[in-house]
Amino acid sequence: MPMKRLLTTLTLLLAWIAAPAFAADTLRPPLLLIGTRANVQDLSGRWTYSKDLYRTGFTDINGWVAKSRMQRHRDVDVAAEESKPGPAFFEFDLDRGPAMDIPGAWNSATPELRYFDGLIWFQRRFDAAMKAGQRSFLRFEAVNYRAYVYLNGKEVGRHEGGFTPFIVEVTDTLRAQGNRLVVGVDSKHDANSVPGEITDWDLYGGITRPVKLIQTPATFIDDATLRLTEAGRLAGSLQLNGPQAANRAVNLRIAALNLTLPARTDANGEARFDVAAPASLKRWTPNAPTLYDVDFEADGDKIRDRIGFRTIAVRGSEILLNGQPIFLKGICIHEEEIGPNPARRVDDAAARRLLGEVKNGLHGNYVRLSHYPHNEAMLRVADEIGLLVWSEIPVYWTVNWDSPATLDLARRMQAETIYRDRNRASVVLWSIGNETPVAENRTRFHTALAETVRALDPSRLISAALLVERKGDTLHIADPLLKELDVIAVNTYAGWYGDDTLADVGKLRWEVPADKPLLFSEFGADAKAGFRDPALKRKFSEDYQVDYYRATLAMAAKVPTLRGLSPWVLKDFRSPRREHPVFQNGWNRKGLISETGQRKLAFDVLAEHYRSLK
Ligand code: GCB
């Protein structure tokens with residue numbers, strides 16, 4: 001090893017060893033604004049935009065301040081400048097720019113932006129009904145990938161990570177009239193981002209989920225949670241934020257259970273609840289997804305969440321839902337709505353359509369929301385219609401395993417996901433990665449993530465989609481990460497990638513630990529909807545996909561510890577790296593339905609299989 005590399009490795013190693021012990025509570029996002037509340041203004045609609053390929057909005061090249069101001073989108077109100085006496089000269093004007101619908105990725109807004117990857121400035125003007133003494137916040141549900149937020153010319157926040165919410169307080173910057181919200185959105189990924197630069201899904205840059213203006217009293221309920229414990233208790237907490245947060249009387253109420261629990265906040269503004277679950281409580285299951293309106297109340301503030309109560313655990317190789325063994329009948333889904341030109345705009349209606357295919361079409365009880373935290377609408381619908389959920393952060397293929405900053409970022413994404421979704425009964429599995437090649441630095445990274453999850457939410461199960469090793473016809477998992485996982489999951493593509501015939505798939509044997517549940521987190525084969533080839537059954541035909549599913553399901557049935565399936569994938573999805581000119585043209589074709597919702601033949605094969613497992 002050359003001296004320079006040796007030194008770099010040693011420095012990195014020392015940085016790891018010297019890193020301070022991890023404290024879970026430092027990962028709590030500073031603001032959460034959980035639950036539904038009054039005084040929310042949705043800023044969805046038409047936003048104007050301006051492309052900034054050279055990032056001029058961030059640059060004062062060579063100190064040419066006056067010159068760069070001509071293009072500086074974030075803090076110049078062109079109309080105001082132009083109304084002053086004297087010459088005004090600007091080469092942008094967000095007020096008169098083109099417009100697109102927000103939320104939604106820019107890649108689908110106009111053909112010119114189809115493959116744009118970089119920085120775009122967005123603007124929205126709005127008025128705000130303000131009351132004295134109130135606090136105001138902007139909640140962004142997701143901006144892909146980095147966000148720079150300016151309100152009325154002042155920077156109010158930044159965020160990195162394309163799939164989790166962030167909140168900025170704007171109490172001091174907001175006006176009753178004529179607010180100008182400008183957001184710089186940078187879709188570029190790099191060596192240190194999560195995910196890294198290469199994925200098998202579309203870029204989808206932009207403000208892809210709703211932006212809301214939320215107003216609260218000076219002291220407000222920021223976070224509130226309640227769950228059913230293995231010991232049969234309802235346990236939870238409530239967090240107040242504000243000058244009057246300490247030592248306050250608060251209340252939890254579930255009218256349908258006739259339950260009222262008074263409590264008092266401590267010096268940090270936190271109150272705790274812990275009571276035996278009433279005998280009348282109906283547990284949440286996929287077959288009977290009972291949800292309760294839970295009201296959290298404090299003097300002057302009140303929020304509501306709709307929560308289901310269930311337990312999840314493992315015992316040996318069994319997964320237990322409410323103490324009963326369950327087999328997970330599922331499928332993977334990307335966050336992409338059904339339609340010819342998706343914009344990653346998965347609202348309630350789009351979520352119902354996607355998850356309806358799983359619940360009613362496939363007779364499923366489970367869904368893997370890959371490969372990143374999905375829109376909250378998906379989780380709410382899963383709760384409501386009864387689907388168990390695997391939730392995942394985008395530590396996908398390879399990220400910078402050696403960088404403490406990248407680990408910190410991944411941990412924050414995990415924390416932002418857990419704090420957002422921990423009241424969702426549907427979520428039972430937190431996955432800390434997908435197909436990351438075994439290596440010492442990668443295992444250290446994942447072990448730290450597993451530790452994070454365990455500290456933040458010990459009530460759910462930890463998994464990761466692993467790669468398998470193959471010797472002859474034997475498949476096994478030689479991954480030191482196994483010991484960190486409650487549930488083992490593997491992606492397996494024999495019969496699609498590689499040289500195996502479908503007859504070979506039948507010969508495969510699995511050597512896996514006997515004392516842990518195993519999931520097939522992925523298997524699948526591309527098929528172009530409508531391409532029939534009953535005689536030759538060539539790859540990319542619906543006929544091959546059918547035979548592939550039959551062979552893989554038969555192979556799976558012989559694995560004694562197998563506790564669930566989520567084949568790849570429900571719907572054909574956009575992927576710029578899939579460029580087969582006849583069958584793909586920018587789409588990964590492993591869907592059981594096409595991008596417009598047409599069911600392929602293999603859909604019924606899986607549906608029949610799940611029906612037979614009842
Ligand atoms: C995988 C990946 C998934 C890909 C899929 C494929 O193993 O986890 O993101 O899209 O294979 O189609 O190759």
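1. Helix pair α4 and α5. These two helices are oblique to each other, because angles under 35 degrees count as roughly parallel, over 145 as roughly antiparallel, 65 to 115 as roughly perpendicular and the rest as oblique. Their axes cross at roughly 45 degrees and come within 9 Å. Axes here are lines fitted to C-alpha atoms, for helices over the stretch in contact, with angles from 0 to 180 degrees between N-to-C directions. Helix α4 covers residues 348–361 and helix α5 covers residues 376–385. Helices (H or I, at least four residues) and strands (E, at least two) are DSSP runs, numbered from the N terminus.

2. Basis. This is a predicted model, in which local features need pLDDT of at least 70, side-chain atom pairs count only at pLDDT 80 or more, and totals for chains, interfaces and linings use all residues. Residues are numbered from 1 along each chain as its sequence is written, and side-chain values use heavy atoms, with hydrogens and water left out.

3. Handedness and contact. The crossing of α4 and α5 is right-handed (the near helix is turned clockwise from the far one by less than a right angle). From α4, the contact residues are Asp348, Ala351, Arg352, Leu354, Leu355, Gly356 and Lys359. From α5, they are Ala377, Met378, Val381, Ala382, Glu384 and Ile385. Contact means heavy atoms within 4.5 Å. By class, the α4–α5 contact has 8 nonpolar, 1 polar and 4 charged residues. Ala, Val, Leu, Ile, Met, Phe, Trp, Tyr, Cys and Pro count as nonpolar, Asp, Glu, Lys and Arg as charged, and the others, Gly among them, as polar.

4. Ligand surroundings. The ligand has 14 residues around it (a heavy atom within 4 Å). Asp200, His371, Glu435, Tyr497 and Lys590 come nearest. A side-chain N or O atom of His371 is 2.6 Å from a ligand oxygen. Asn588 places a polar side-chain atom 2.9 Å from an oxygen of the ligand. For Trp568, the corresponding distance to a ligand oxygen is 3.1 Å.

5. Cis peptide bonds. Trp568 also enters a cis peptide bond, to Val569, with omega near 20 degrees. Val569 sits in the loop between β32 (562–565) and β33 (573–574). The Val194 to Pro195 bond is cis too, with omega near 0 degrees. Pro195 belongs to the loop between β9 (179–186) and β10 (211–216).

6. Positive phi. Asn247 is not a glycine, yet has a positive phi of about 55 degrees. Its loop runs between β12 (233–241) and β13 (249–254). His363, also not a glycine, has a positive phi of about 60 degrees. His363 lies in the loop between α4 and β23 (366–369).

Terms used:
Polar contact = N/O pair within 3.5 Å; in protein donor to acceptor, adjacent residues only side chain to side chain.
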